[in-house]
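Dear colleague,

I am passing on the structure below, followed by an account of what was found in it. Please read the notes with the structure open beside them.

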Amino acid sequence: MTAAGRLTRLTRRGPPGRRKYSARVSAEFDHDRVKAAVRELLFGIGEDPDRDGLRDTPDRVARAYAEMFSGLRTDPAEALSTTFDLGHDELVLVTDIELWSVCEHHLLPFTGVAHVGYIPAPDGRITGLSKLARLVDVYAKRPQVQERLTTEVANALVHGLQPRGVIVVMEAEHLCMTMRGVRKPGAQTITSAVRGQLRDPTTRAEALALIRGRRGG
Ligand SMILES: Nc1nc2c(ncn2[C@@H]2O[C@H](COP(=O)(O)OP(=O)(O)OP(=O)(O)O)[C@@H](O)[C@H]2O)c(=O)[nH]1
Ligand SMILES: [Zn+2]
């Protein structure tokens, strides 16, 4: 089966009027294929993949990639499968969720933090706090651009919890801008996605103040 054939793209629609929710899931990780490609890559850069230090590298890299891209084989809906009704109807915000992803342009990491908040549905349905971090992980462990990662997390929350509002802010440093190319270490990229009641300027400002305030800034 071709790589394209193995990649199933599922786009689920939530209730009418809601944004598309991406549940892209790839069926399998082809360890042998990745291993062979890494061996080829080593030849390509002028190395000898059979020398002592590199002999096990293709296998190691394949195992590392299986982990780094495990989100391709995880349905984000699983992250939000546990919900409970606490009757809480105000903002829930988890800040400084450690973020590691890989930019799809250079296959180099970008790393930083995600802040994820929502105002629960009128019925007060909420999810476990750790599930917000799990949701970030599912989408982060795919080849990504930061904008799409931010949007996908926001849309998955809208789909999974039908909350009255969602805010997702990500701050990250891209190694493709640091260790090569333009070489600007420390440059931070900040992206946000805001939905529902959190688009209201006052509510949004309150959430942003809480996000900024955590650093005393
Ligand atoms: N918008 C966006 N751009 C990204 C992200 N990650 C990497 N990039 C950018 O993707 C662009 C790719 O540009 P290209 O000109 O095709 O590639 P390049 O020649 O390697 O570019 P340089 O990085 O400028 O050397 C670069 O400007 C990167 O900074 C991301 O998450 N979001
Ligand atoms: Zn990049």
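**The sheet and its surroundings**

Strand β7 and strand β10 (residues 165-174) pair in the antiparallel sense, and 10 bridges hold this pairing. Please bear in mind throughout that this is a predicted model. Within that pair, His115 stands opposite Val169 of β10.

On another side of β7 (residues 109-119) comes strand β6 (residues 92-103), which runs antiparallel to β7 and is joined to it by nine bridges. Two of the partnerships can be named here: Leu93 has Gly117 of β7 as its bridge partner, and Val94 has Val116, also in β7. The hairpin that β6 and β7 form has five residues between the strands, and among the residues of that hairpin Leu107 takes a positive phi near 55°.

These strands belong to an open sheet of five, with the order β9-β6-β7-β10-β11 and mixed pairing. Its edge strands are β9 (143-144) and β11 (189-196), each of which pairs on one side only. At the β11 end, β10 and β11 pair in the antiparallel sense over eight bridges, with Ile167 finding its bridge partner in Val194 of β11. At the β9 end, β6 and β9 run parallel and are joined by two bridges, and here Cys103 stands opposite Gln144 of β9.

**The ligand**

Which residues surround ligand 1? The shell is made up of Cys103, His105, Val145, Gln146, Glu147, His174, Cys176, Met177, Gly181 and Val182. Sorted by class, five of these residues are nonpolar, four are polar and one is charged. Cys103 therefore belongs both to the ligand shell and to the β6-β9 pairing, where Gln144 is opposite, if one applies the rule that a residue is near the ligand when its C-beta atom lies within 6 Å of it.

**The chain as a whole**

The protein has seven helices and 11 strands, and of its 217 residues 26% count as buried. Among contacts between residues at least 6 apart in sequence, 69% join residues at least 24 apart. The domain assignment gives domain 1 (30-68) and domain 2 (81-213), and the C-alpha centres of the two lie 33 Å apart.

One residue worth a look is Ala62, which has its place in helix α3 (residues 57-68). Is Ala62 buried or exposed? Ala62 counts as buried because it has 20 C-beta neighbours inside 10 Å, the cut-off for that class being 20 or more. Leaving aside neighbours within four places in sequence, Ala62 is in contact with His31, Val34, Lys35 and Val38. By contrast, Asp85 is 23 residues from Ala62 along the chain, and the C-alpha atoms of these two residues are separated by 42 Å.

**Confidence**

The mean pLDDT of the protein is 90, with 88% of its residues reaching 70 or more, and for the complex the predictor gives an ipTM of 0.94 and a pTM of 0.89. Residues 1-18 need a caution, since their pLDDT stays under 50, although the model has 22 contacts for them beyond four places in sequence. Where pLDDT is low, the predicted coordinates should not be read in detail.

With best regards

Technical notes. Residues numbered from 1 in each chain as written. Chains lettered and ligands numbered in written order. Predicted model: local features only at pLDDT ≥ 70, side-chain atom pairs only at ≥ 80, totals over all residues. Helix = DSSP H or I, 4+ residues; strand = E, 2+ residues; numbered from the N terminus. Buried ≥ 20, exposed ≤ 12 C-beta atoms within 10 Å, placed from the backbone. Contact = placed C-beta atoms within 7 Å. Pairing = 2+ DSSP bridges. Nonpolar A, V, L, I, M, F, W, Y, C, P; charged D, E, K, R; others polar. pLDDT = per-residue confidence, 0-100. Domains from an automatic or database assignment.
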